[in-house]
Amino acid sequence: MRARSLIFTLGSCCIASLASPTQVVLGTSQVELQSSPRQLYGRFLHITDIHPDPFYEPGASQSSACHRPDFKDERPAGYYGTPYSFCDSPFSLTNFTLDFLDEHWSSEIDFVIWTGDNARHDNDDDIPRTLDEIYDLNRAVAKRMEHVFLKKGIPVVPSLGNNDIWHQNRLSAGPNEIIEEFSSIWSAFIPPTSLASFHQGAYFSTEIIPDAVAAISLNTLYFYKKNHAVGGCDYTDPKDPGTIQLDWLEEQLEAYRSRQMQVWITGHVPPSEANYFSECYPRFVELNLRFQDTILGNLYGHLNVDHFSFLDADEINMSSKTSSRGTLFETLIADFSEIPAPLEDSRYDDYAVVNVNAAIVPNPYIPSFRIFTYNITGLSTLTKDIGYDPYLQTIKATQRRRALNHEQVRTFKKPKCEHKKFRNAWRCQPHKLWHSDSKSPSRHNSLWSPLGFAQFYMPRLEEFDQTHNPGFELEYMTFPLSSLHPDEETQNVTNHQYAIPLQLLPEELREPGAVESEYTPYELDDLTIPSWLDLATRLTKNKELRLRFKEFMYHGGVEE
């Protein structure tokens, strides 16, 4: 009974992948599956932490991970999931989410960032996870992602999560059996040019807009403190898988920068001193800041909490500063309060932005996904085949000229480096030239700059069942109200690119004229580094805004 549920509940498109040990699509890549260039819409989807559970039973008790009934439970498992619980996603929720995205968003986006954890948690001692189950769940979700997006010409960029492996969190250096299996499961998503790096460590890069924008999918498990199978990027061990991955990341960024391309960095576990090994983290920060003119931003999942943070040049210093040991919310606000105000333009060189998305799984909050909007203004042909677009070529030529004048060697306070204990630390090694530019897309609203995002969620999850269909609703947007509709100069433009398609907005926002809305608390003109720093500073000064930020972090639930 359980096996049949696993095979059939995720839909007919997945039966083949679940019925056979592997489903290899030989000789195909994301580019080859795109039969013709698609129009660029200037939007992409970030989805993370789906956690489908083949043993989920509606009506079961939360104490059993929603696997078995207990009539004493006052709030049994719901049909589409159990909000604010430690239960994973029923297949009904997984299927509905992908069907919803297929119906409402697959014709409105350019690519998909999918940041891991597509198997259930190991939270039921009576039904321990197996590696075959983990593979089957990942294979089933991958086939649905391929069906919903990739076959329509929409690139999908997956990342390995800490629950996508067995044992949880533990992954040794590649090549190994787990990585080889995922090279099969994700064969349609990994371009042939990235197969070598994927076999080596389950990381890869792909051009999501050819010759213009790339995504680098990292295997963050090699940086993750809870992975005791690796050495933690020790400077004295060049064969450590974390060190090898960072070497590869540096090469990728150099190569994309030499072609004047922009890059999104994606992965599962977000970078922080709390999450990453002490030697992995500063080197990762340094690479982000060194290539600030090339990196558009960082996108992660794992924590199931909607928030943002910064990678800060101060974190490369050998200082005695310690991070806050409060809650995540308290730590973020404490970090934001240390941002100097006002910031001089040169100080923007010292920051990079990390965005962490909420999860589909209602564990421990409620289902959510995010739609980003980015700048495509100026392109004369809104297709992915834009390599010879005149405006793009002009932008690249300007970037080549500016790159020659925006390199600097940074120096940091390193008094501890004189001690023998720290001489082999990454922080104590000579730094290379940093590339920062106040006119780069990460700093200044220009071609490819992130403009904003809209967060969608399912606030009434418990109300839905076989007779009451679920639905995702807009939770909030980062945009100002004024950006939702064309202004006087563009209102007669027939191909105006709306930040969010009007039919997907609440009715009250579908017509111009609104002067305020609960859906637009931040009013950010864009998502460049200066805009994020400005929001962080406002959060420390405005109590009402700070409370809204906390509410969005936990969807109204209690901080775990």
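## Elements and overall make-up

Helices here are DSSP runs of H or I with at least four residues, strands are DSSP runs of E with at least two, and both are numbered from the N terminus. The model is predicted. By this count the protein chain has 12 helices and 14 strands.

The chain has 560 residues, and 60% of them count as buried. About 23100 Å² is exposed, with carbon and sulfur atoms supplying 50% of that area. Take the contacts with a separation of 6 or more: 77% of them link residues 24 or more positions apart.

## The six-stranded sheet

One open sheet holds 6 strands, in the order β3-β2-β1-β10-β13-β14, and its pairing is mixed. At its edges are β3, residues 156-158, and β14, residues 473-477, each of which pairs on one side only. From one strand to the next, the twist averages 25 degrees.

Follow the sheet to the β14 edge. Strand β13, residues 450-457, runs antiparallel to β14, and 4 bridges join the two. At one point along this pair, A454 has M477 in β14 as its bridge partner.

Helix α4, residues 131-148, packs on the sheet. The helix touches β1 (43-47), β2 (111-114) and β3. Its direction makes about 165 degrees with that of β2.

## Helices α4 and α5

Which helix crosses α4 at roughly 25 degrees? That is α5, residues 177-185, and the two axes come within 10 Å. Angles under 35 degrees count as roughly parallel, so α4 and α5 are roughly parallel to each other. The crossing of α4 past α5 is right-handed.

The contact involves named residues on both helices. From α4 come L131, Y135, N138, R139 and A142. From α5 come E177, I178, E181, F182 and I185. An α-helix has 3.6 residues a turn, so residues three or four places apart point the same way.

Helix α5 is mostly covered, with 7 of its 9 residues buried. These buried residues are I178, I179, E181, F182, S183, S184 and I185. Their cover includes α4 and also α6, residues 195-201.

## Strand β5 and its partners

Is strand β5 enclosed or open to the outside? Of its 5 residues, 213-217, 5 are buried, so the strand is largely enclosed by the rest of the structure. In a regular strand the side chains alternate between the two faces of the sheet. Both faces of β5 are covered. V213, A215 and S217 are buried on one side, and A214 and I216 are buried on the other.

Strand β4, residues 204-209, runs antiparallel to β5 and is joined to it by 5 bridges. I209 stands opposite V213 in β5. The two strands form a hairpin, with 3 residues between them. D211 sits in the turn and has a positive phi of about 65 degrees.

β5 also pairs with β6, residues 262-266. This pairing is parallel and spans 5 bridges. Here S217 stands opposite T266 in β6.

## Cis peptide bonds

Two loop prolines deserve a look. The peptide bond from G174 to P175 is cis, with omega near -5 degrees. P175 lies in the loop between β3 and α5. That loop therefore runs from an edge strand of the sheet to the helix that crosses α4.

N363 and P364 are also joined by a cis peptide bond, with omega at about 10 degrees. P364 is in the loop between β9, residues 351-356, and β10, residues 368-374. β10 is one of the strands of the open sheet.

## Positive phi outside glycine

A202 is not a glycine, yet its phi is positive, at about 65 degrees. The residue is found in the loop between α6 and β4. Buried means under 20% relative accessible area; A202 has 3%, so it is buried.

E523 is another residue other than glycine with a positive phi, near 55 degrees. Its loop lies between β14 and α11, residues 529-541. Is E523 buried, exposed or partly exposed? Its relative accessibility is 39%, so E523 counts as partly exposed.

Methods:
Residues are numbered from 1 along each chain as its sequence is written. This is a predicted model: local features need pLDDT of at least 70, side-chain atom pairs count only at pLDDT 80 or more; totals for chains, interfaces and linings use all residues. Side-chain values use heavy atoms; hydrogens and water are left out. Buried means under 20% relative accessible area, exposed over 50%, partly exposed in between (1.4 Å probe, protein chains only). Contact means heavy atoms within 4.5 Å. Accessible areas come from the Shrake-Rupley method with a 1.4 Å probe; for residues, only the protein chains shown count as cover. Two strands pair if DSSP finds at least two bridges between them. Axes are lines fitted to C-alpha atoms, for helices over the stretch in contact, and angles run from 0 to 180 degrees between N-to-C directions. Angles under 35 degrees count as roughly parallel, over 145 as roughly antiparallel, 65 to 115 as roughly perpendicular and the rest as oblique. A crossing is left-handed if the near helix is turned anticlockwise from the far one by less than a right angle, and right-handed if clockwise.
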